[in-house]
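Load the model in your viewer and keep the selection tool at hand. The stops below go from whole domains down to single side chains.

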Amino acid sequence: MNNPASLENQKAQIEIPIPAVPKPPKRSRDYQQIPLYKDVNPLDWEDWHWQLKHRIRSKDELTQIIKLTPEEEKGIDKAKGRLAMAITPYWASLMDAEDPDCPIRRQSVPVNYEFSIAPHEMADPCAEDRDSPAPHLVHRYPDRVLLLATDHCAMYCRHCTRRRLVGEHEEKDCNPETKFDAAIEYIKSNRKIRDVLISGGDPLTLEDEALESLVAKIRDISHVELLRIGTRVPVTLPQRITENLVNMLKKYSPIWLSIHFNHPKEITKRCKNACDMLSEGGMPLGSQTVLLKGINDRPFIMRRLVHDLLQIRVRPYYIYQCDPVRGTQHFRTPVAVGINIIEKLRGHTSGYAVPTYVIDGPGGGGKIPIGPNYILSQAKGKYVLRNYKGKIYTYLE
Ligand SMILES: *Cc1c(COP(=O)(O)O)cnc(C)c1O
């Protein structure tokens, strides 16, 4: 993708109007209530290929689902050919037609703000390209690697940290048989690598056969203990979680799944059903959440999200500070907002509900945990601590 903001680099530090109090999420519609989908055969609706093929990619289609604001209209026009937009009919059916602050809408509909770039924003904020020893591979930590299996997603998030890579452009090396040869060779020849995280793009947008071929090659490497898949498909395209897929993945156990969830509205019955299938297939599920202004930056929303996640057997894993990726200023909160969310969770609710808040160190530092400070002072043999209520305790070593 080329520079999305050639003319507007100067307009940094824009004031973005975000309502002080998010409106209570309205009920999403049943898809049959949406004129565009009212005649869709339920079997088609449940078919993930149908969902992918009928993704919304134009303003004309989107206006049949929601009432677009001028900001959104401008955003869609400018995104054309520069930033990917694709919205599954399933995800679209969760949108509030009237409310531009709808969290489902804001994560998927381009807005004009994406073309205002702040001075510190980068195309590749985590310097993944620099830490890439082989195509499609990022090696940052000693014992684990990140494999970018595809640059496609079911839905393109407006806050995507890899927006430099993702989209529906032609892949340069599209021979699926050889595409990952160098990456696999690298993992094979590095005996320290015991954990391979397959992400992208979204690996679950691959066909079962292509995904299996990749997973089997990695599982075949004797020093690789753990396989992980990073995906948003159970949230944006739950129809993709089929019995075939689950049975295939089961064969390569243990596979842990990290699922990108940002808002309680995403946890629908359909999504729960997909997560149940994965859990029952033996895959432990974790969540990854990006802290997003006006979407999940209030403690009560985040509390509802983590509680709802536990209900569907997803363990909250990370909350990410929104990376300084180009054109995401309108999503970024102060770091204090994230710390306060953890402060309001830890101790006040089940420990399993509390994720780790991290900043991915700009320039390639990796994930750095950030949180409230519970150590008030530390001297020889003596720690002065506070608990979640602010009461003070002394621990003698
Ligand atoms: C996030 C990430 C990992 C995995 O980190 P964990 O903290 O083990 O989940 C591995 N490699 C890269 C490059 C990453 O960004």
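This tour of a predicted model covers the domains, the interface between two of them, the nonpolar cores and then two buried polar residues.

**Domains**

Start by colouring the protein chain by domain. Domain 1 is made of two segments, 4–16 and 376–396, while domain 2 covers 31–115 and domain 3 covers 137–369. Next, hide domain 1 and place a centroid on the C-alpha atoms of each of the other two: the centres of domain 2 and domain 3 are 23 Å apart. Select the residues in contact across this pair, and you should get 31 residues from domain 2 and 36 residues from domain 3.

**The interface of domain 2 and domain 3**

Switch to a surface view of the two domains. Together they bury about 2,700 Å², and carbon and sulfur atoms account for 57% of that area. On the domain 2 side, pick W48, R106 and Q107; these lose the most area to domain 3, and together they make up 29% of what that side buries.

Now turn to the polar part of the interface. Between domain 2 and domain 3 there are five salt bridges. For a salt bridge to display, select R55 and E168, whose side chains meet with an N to O distance of 3.2 Å. Polar contacts across the interface involve 18 residue pairs, counting pairs with both residues at pLDDT 80 or more. To see which secondary structure takes part on the domain 2 side, show helix 2 (48–53), helix 5 (89–92) and helix 6 (103–106), the elements that each give two or more residues to the side touching domain 3. Helix 2 gives the most, with four residues.

**The nonpolar cores**

Select Y37, L147, V196, I198, I218, I255 and F261. They belong to the largest nonpolar core, which has 84 residues, and they touch the most other members. Domain 2 and domain 3 each supply at least three residues to this core. Apart from this core lies another, of six residues; A84, A86, Y156 and C160 are among them.

Go back to the largest core and centre on I198. Beyond four places in sequence, I198 touches L147, A149, P203, L214, V215, I218, L227, R228, I229 and G230.

**H159**

Move to H159, in the loop between strand 2 (144–148) and helix 7 (181–188). Is this residue buried or exposed? Its relative accessible area is 4%, so H159 is buried. Show the side chains around it: that of H159 makes a polar contact of 3.3 Å with the side chain of H260 and another, of 3.4 Å, with the side chain of N262. Setting aside neighbours within four places in sequence, the contacts of H159 are Q107, R232, H260, N262, V290, L292, V325, T328 and F331.

**Q288**

For the last stop, select Q288 in strand 6 (residues 285–290). Q288 has 18% relative accessibility and therefore counts as buried, the cut-off being under 20%. Outside four places in sequence, Q288 touches S258, I259, H260, F261, N262, Y318 and Y320. Of these, take Y320 and label the distance: its side chain and that of Q288 are joined by a polar contact of 2.3 Å. Finally, draw a C-alpha to C-alpha line from Q288 to R315, which spans 9.4 Å in space for a separation of 27 residues in sequence.

Conventions: Residues numbered from 1 in each chain as written. Predicted model: local features only at pLDDT ≥ 70, side-chain atom pairs only at ≥ 80, totals over all residues. Heavy atoms only, no water. Core = buried A, V, L, I, M, F, W, Y, C linked by side-chain atoms within 4.5 Å. Buried < 20%, exposed > 50% of the residue type's maximum accessible area, 1.4 Å probe, protein only. Domains from an automatic or database assignment. Contact = heavy atoms within 4.5 Å. Buried area = accessible area lost by both parts, 1.4 Å probe. Salt bridge = Lys/Arg side-chain N within 4 Å of Asp/Glu carboxyl O. Polar contact = N/O pair within 3.5 Å; in protein donor to acceptor, adjacent residues only side chain to side chain.
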